Amino acid sequence: MTEDYKYLYHQTKLFLVPEAIRIEDFIKQIFEVIELDRDKFEAVIWFDINIGTSKGMLVSKDLDLHTCIELLKTHSLFKGCRFIVDISERVFRSTSTFEHVNRETQHDNQNKWQQIMEIDMVEAQPITEEVVRSISARYSLKCNDDRCGWCVRAFRIKDSILFKIVKIEKNHGCFVNTMKADQRHATSKLISGYIIDNLRDPRFEVTPAFVMEEMQKLHGLDIGYHKAWRAIQLASVLIRGTPEENYKLLSSYLYMTRSKNPGTYTNIKIDNNNRHQAIAYGIAKVYPESHHGICIYHLEQNLKRRKVKIEVIKLFQSAARVYTLKEFDLYMSYIAKVDKKTYDYLIEEPLERCVRSCSPRRRYDMLTTNIVESMNSVLLEARELPILRMMDFIQVKLQHWFYERRNEAVGTFYDVSCWVEEELKKKIDLAFTLNVFPVDSWCSRVEEEGITFLVDLNKRTCDCFQ
């Protein structure tokens, strides 16, 4: 062998093997082809990956052999690779056996083992070949075009399940149109196997256009948009399961969640698919003191769908957002005068659910609407997943967030969060302009521009509702 791993003396042998052949049978077949005594010689098998820097990958187990065969079959980068077999004489501790070996046979074997055997895996091309003869001891293939010389002939090796190739012509001499005429179409199920690894990578977006381009670039196949889309769906089902399968496992999933996370509340209730009622029911169970409000933005969208005039919608926006009941009543009286039908529609819902001045809880603070809309944005893609995969996504996302914020909190030396500290710095100058008169240890009377408000630090409230 030269320094660049090229063999000076070698011999090429070709034979057919089953895809699921075991390494032991593979080695046995090698010795049958090269006609050497396995008791006297041993073989080391390499998979030549054509990189010119080493012999290649050592093949010593069934898994190694099956991996190499799969690479030869499915990956275009490995089409020209071969199995390299190094044959060497076994070293025996005792020479008593060799003393009686026929010297003429020994000399003949030594000449053979000094050769290096290359095994080419013949790539069958079913798009243009037809089987001429197939019997238990013989197998022949030829091209559909009688003018083409491509052919393979093989015979079964005696007392073996393997075939030995006795003749092969690798190159097709037919026209491209002939090769394409009998081409079989790749099914969406077959294509899904090529893209499944891409779908497993969350950083990679697999689209029908990408699948079409990859199949054309790697395999020369022209497939349609709908077939590419179906392939993506099939691959997704293989990875994530179907919605039906996920719902069957939902009870078990929630049971394990409760077992591994004490204090977790779960409940499955089958209804008429009214998600809003289900969400409200679940929140009331977990957070009994929470207040169920109505989003003002969504209520405004309802008014637009009812073809309400823009002037009336603006009046409602002001009425819903003011802090005092006096201002709210004023705006609602304007609405009643302009559009009595809309006024009646608005008061159908309890006012404490959609009006800031009537709400028993603080509305639109840092802990309510903003975080809800942010979560909707985060879960935009996950909402398309089956339910168990969506719950896994939420769990991983929240785990990551809590980890980051916990580390940030450990490095914070304020009595409050960094954000609150910055907000206090912004408002401290304004606070110095207010007149404050203590009432007791918790309550104070605050005057601003001639208006007096009562602030209760213990309850964290102000009668200005801000």
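# Exercises on a predicted model

Asp392 is partly exposed, with a relative accessible area of 28%. The model is predicted.

**Exercise 1. A salt bridge in helix 16**

Find which residue forms a salt bridge with Asp392, and state how far apart the closest N and O atoms are.

Solution.
- Step 1: The partner of Asp392 is Arg389, and the closest N and O atoms are 3.8 Å apart.
- Step 2: The cut-off for a salt bridge is 4 Å between a side-chain nitrogen of Lys or Arg and a carboxyl oxygen of Asp or Glu.
- Step 3: Asp392 and Arg389 are 3 residues apart in helix 16 (residues 387-410), so about one helical turn separates them.
- Step 4: Arg389 has 31% relative accessibility and counts as partly exposed.

**Exercise 2. A salt bridge in helix 17**

State where Glu423 and Lys426 lie and how many residues apart they are.

Solution.
- Step 1: Both Glu423 and Lys426 belong to helix 17 (residues 418-431), at a separation of 3 residues, about one turn of the helix.
- Step 2: Their side chains form a salt bridge, with 3.4 Å from N to O.
- Step 3: A residue is buried under 20% relative accessible area and exposed over 50%.
- Step 4: Glu423, at 21%, is therefore partly exposed, while Lys426, at 60%, is exposed.

**Exercise 3. Arg405 and Glu404**

Is Arg405 buried or partly exposed?

Solution.
- Step 1: The relative accessible area of Arg405 is 49%, which makes Arg405 partly exposed.
- Step 2: Glu404 is partly exposed as well, at 39% relative accessibility.
- Step 3: A salt bridge links the side chains of Arg405 and Glu404, at 4.0 Å from N to O.
- Step 4: In total, the structure holds 13 salt bridges.

**Exercise 4. Cysteines**

How many disulfides does the structure hold?

Solution.
- Step 1: A disulfide is a covalent bond between the sulfur atoms of two cysteines.
- Step 2: The cut-off for the pair of sulfur atoms is 2.5 Å.
- Step 3: The count of disulfides in the structure is 0.
- Step 4: As for the setting of two cysteines, Cys143 is buried at 2% relative accessible area, whereas Cys418 is partly exposed at 33%.

**Exercise 5. The second largest cavity**

Which residues line the second largest cavity?

Solution.
- Step 1: The structure has 2 cavities of 30 Å³ or more.
- Step 2: The second largest cavity holds about 40 Å³ of space.
- Step 3: Its lining consists of Phe316, Phe328, Met332, Leu346, Leu351, Cys354 and Val355.
- Step 4: Sorted by class, this lining has 7 nonpolar residues, no polar residues and no charged residues.

**Exercise 6. Helix 11 and the chain as a whole**

Name the helices that the buried residues of helix 11 pack against.

Solution.
- Step 1: In helix 11 (residues 296-305), the buried residues are Ile296, Leu299, Glu300, Gln301 and Leu303.
- Step 2: These buried residues pack against helix 12 (310-321) and helix 14 (340-346).
- Step 3: After helix 11 comes Lys307, with a positive phi near 60°.
- Step 4: The protein chain contains 17 helices and 14 strands, and 26% of its 466 residues are buried.
- Step 5: Of the contacts in the chain between residues at least 6 apart in sequence, 54% join residues at least 24 apart.

Methods: Residues numbered from 1 in each chain as written. Predicted model: local features only at pLDDT ≥ 70, side-chain atom pairs only at ≥ 80, totals over all residues. Heavy atoms only, no water. Helix = DSSP H or I, 4+ residues; strand = E, 2+ residues; numbered from the N terminus. Buried < 20%, exposed > 50% of the residue type's maximum accessible area, 1.4 Å probe, protein only. 1 Å grid on protein atoms, 1.4 Å probe; cavity = no way out; pocket = protein on both sides within 12 Å on 5 of 7 lines; lining within 4 Å. Points joined across faces, edges and corners; volume = space filled by probe spheres on them. Nonpolar A, V, L, I, M, F, W, Y, C, P; charged D, E, K, R; others polar. Contact = heavy atoms within 4.5 Å.
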